[in-house]
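Could you walk me through this structure in my viewer, one selection at a time? I would like to know what to pick next and what I will find there.

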Amino acid sequence: MKIFHNAIIFSPDHPGATALVVDHGHFIALGEDKDILSGFSKADQIIDLQGRTIWPGLTDAHLHLLQLSETMSMIDCETDTLDQCLDRIRETAQSLAPNAWVRGHGWNQNQWQTGFGNAEMLDAITGGKPAYLTAKSLHAAWANSSALSLAGIEDDTPDPPGGIIQRDPSGKATGILFEAEAMALVESIIDPPSLSENCQKLRALIQKLWAFGLVGGHDFDGFGCWKALQVINQDGDLPFRVRKHIPFDNMAEFIGAGLRTDFGSDFLHIGGVKLFADGALGPQTAAMRQPYENSSEYGKLLLTSDEIFEIGQFAVNNGIALAIHAIGDQANHQVLNAYQQLRAYETKHQLPHLKHRIEHVQIIDPIDMPRLAQLEIIASVQPVHAPSDMKMADKYLGDRAKYAYAYRDITDSGATVILGSDAPVEPVNPFQGIHAAVTRQKLDGSPGPEGWQPQQRLTLTEALMGFSQTPAQTTGRGVKMGKIATGAYADFIILDEDPFTINPNELAHVKPAATFINGQCVFQSSQFPYDLVRAQG
């Protein structure tokens, strides 16, 4: 039994609490110092936090664990200029074995005055090695001629359904591939890592996530990630709470095995099946109701409402919820139309109203906004996208930008809002997400003190709840996860400062001093004055 006292504790269930008691992985009491210290005087350990702050452990409600772990070993292609990116690629390519793939992630042509790169640029610096670099959005990739040749992509190769092979005015394939179906032409010929390698990568990643105050996440990676997470969960030595969403390609396998949404343990359980209704804003593949500014392009709708409804009937008949990626206002409109049909179907057939979600909800017509709450659809959004995308959104959307990344409007509409990072698309640090939600600013303070589209800012309490209690509630585990309350799991973080009293501009720089999961200290900073990891055994 441990007592933590002389602290500022965020607990709406216990306002004014300054002390708490942890025993057998749970919070067993909260209150004022004098009451806790006198009532639990025989505790094994009494820790004076000297005015530090205790928050619930944080959950990233949308990330890609395995892809994030893989990008940690790739070339960082997120640069201010195309030339800087090419320099990094050249340096790495020179150090690789002759037959090795040159892998990178994070390029964003919208940040480069020169726009997209092409295969010939990579050919000149990769020494004949195949190169494949994913875009920051994960909805585009850049390959060199060697990679295109190995994948069988030629100038006259037809676009795969749902994907685009970019071509120059003469019809020559440029090396840029849009959307998963086109990207898969190359990805399918790259040898996948083994289960052991995936486990090793995820183990290393989880320990980094603890240092950010993360105790769990809602994952949207593939079947390989699911298998590796099971191994790690069975070993039981790296606690991290994961809601694992199902790739559409594997839905039949999960249903055939009898797996249903919410099945599993509090450390690893099933979410919904992931569908894609459109692409992304950066490559202009997000499906819009009106053309992009100064363009005749509407983006690419990947699923209609009827197609989603057809998939949804099969899913809900087998107890599986849907989690649908929708960026553009047309995509969100189609998804909501499908969900309206699906709710009626669930009611008609006396099926549970499952925890369906929309991932991103980046651009939504004001007419559609109230439907999120009316249909009880979870809005899974990533606040860090707003300042990251603001220039691109203003350029591509014009006046429609006021309805983009509209977290305040979505919250005020009554919808359930959960927050994530979409890492590795954006940094996984939740405090950068909290900063973006509250300030609508980049880390350098741009575009100014009020932030971008400041009417869409969230309060700090809303941001914290969106990274803690609300994600737990959407998993059906809100009583025992995501909050500091008697009887809940002792998942919490200790902060040297109280985020509610600092300048909001400093929120992105907050760093946990310690992170606990089930009462076990899994991380502590070198400056923290107590050796909690060693003390617990």
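## Stop one: two positive phi angles

Start by selecting N6, which is partly exposed, with 31% relative accessible area. One thing to keep in mind as you go: this is a predicted model. N6 sits in the loop that links β1 (2–5) to β2 (8–9). Check its backbone and you will find a phi near 55°, a positive value in a residue that is not glycine.

Now jump to V361, in the loop between β18 (357–360) and α12 (369–374). V361 is not a glycine either, yet its phi is positive, at about 45°. Is V361 buried or exposed? Its relative accessibility is 0%, so V361 counts as buried. N6, by contrast, is partly exposed.

## Stop two: H105 and its surroundings

Next, select H105 in strand β9, which covers residues 102–107. With a relative accessibility of 7%, H105 falls under the 20% limit and therefore counts as buried. Which residues does H105 touch, once neighbours within four places in sequence are set aside? Show T71, M74, I75, D76, C77 and E78, then T134, A135, K136 and L138, and finally P424 and V425: these are its contacts.

Keep I75 on screen for a moment. Draw a line between the C-alpha atoms of I75 and H105, and the distance is 6.3 Å, although 30 residues separate the two in sequence.

## Stop three: two cis prolines

P424, one of the contacts of H105, leads to the next stop. Select A423 together with P424: the peptide bond between them is cis, with omega near 10°. P424 belongs to the loop between β20 (417–419) and α15.

For another cis bond, move to S446 and P447, where omega is about 10°. P447 is in the loop that runs between α15 and α16 (460–466).

## Stop four: the second largest pocket

Stay with α15, but bring up a surface this time. The second largest pocket has a volume of about 630 Å³, and 27 residues line it. To find its centre, select E78, Q111, P387, S388 and K442, the lining residues that lie nearest to it. E78 should look familiar, as it is also among the contacts of H105.

Which elements give two or more residues to this lining? They are α13 (385–397) and α15 (430–439). Colour α13 in particular: its eight residues are the largest share of the lining. If you colour by class, the lining of this pocket shows eight nonpolar, ten polar and nine charged residues.

## Stop five: the enclosed cavities

How many cavities of 30 Å³ or more does the structure hold? There are two. Begin with the largest cavity, which has a volume of about 170 Å³. Of the 21 residues lining it, T59, V215, R241, A472 and M481 are nearest its centre, so to speak your signposts here. Two or more lining residues come from each of β14 (214–219), β15 (241–247) and α17 (469–474). The largest share belongs to β14, with four residues. By class, this lining divides into seven nonpolar, nine polar and five charged residues.

The second largest cavity contains about 40 Å³ of space. Select F10, S11, P12 and P56, then M465, S468 and Q469, and lastly G482, K483 and I484 to display its lining. Five of these lining residues are nonpolar, four are polar and one is charged.

## Last stop: a helix pair

To finish, hide the surfaces and show helix α10 (residues 305–317) with helix α11 (residues 329–348). Their axes come within 8 Å and cross at roughly 35°. The crossing is right-handed.

Then bring up the side chains at the contact. From α10, select S305, D306, I308, F309, G312, Q313, V316 and N317. From α11, the partners are Q334, V335, N337, A338, Q341, L342, Y345 and E346. Taken by class, the contact of the two helices has seven nonpolar, seven polar and two charged residues.

Definitions and conventions. Residues numbered from 1 in each chain as written. Predicted model: local features only at pLDDT ≥ 70, side-chain atom pairs only at ≥ 80, totals over all residues. Heavy atoms only, no water. Axes fitted to C-alpha atoms, helices over the stretch in contact; angles between N-to-C directions. Left-handed = near helix turned anticlockwise from the far one by under 90°. Contact = heavy atoms within 4.5 Å. Nonpolar A, V, L, I, M, F, W, Y, C, P; charged D, E, K, R; others polar. 1 Å grid on protein atoms, 1.4 Å probe; cavity = no way out; pocket = protein on both sides within 12 Å on 5 of 7 lines; lining within 4 Å. Points joined across faces, edges and corners; volume = space filled by probe spheres on them. Buried < 20%, exposed > 50% of the residue type's maximum accessible area, 1.4 Å probe, protein only.
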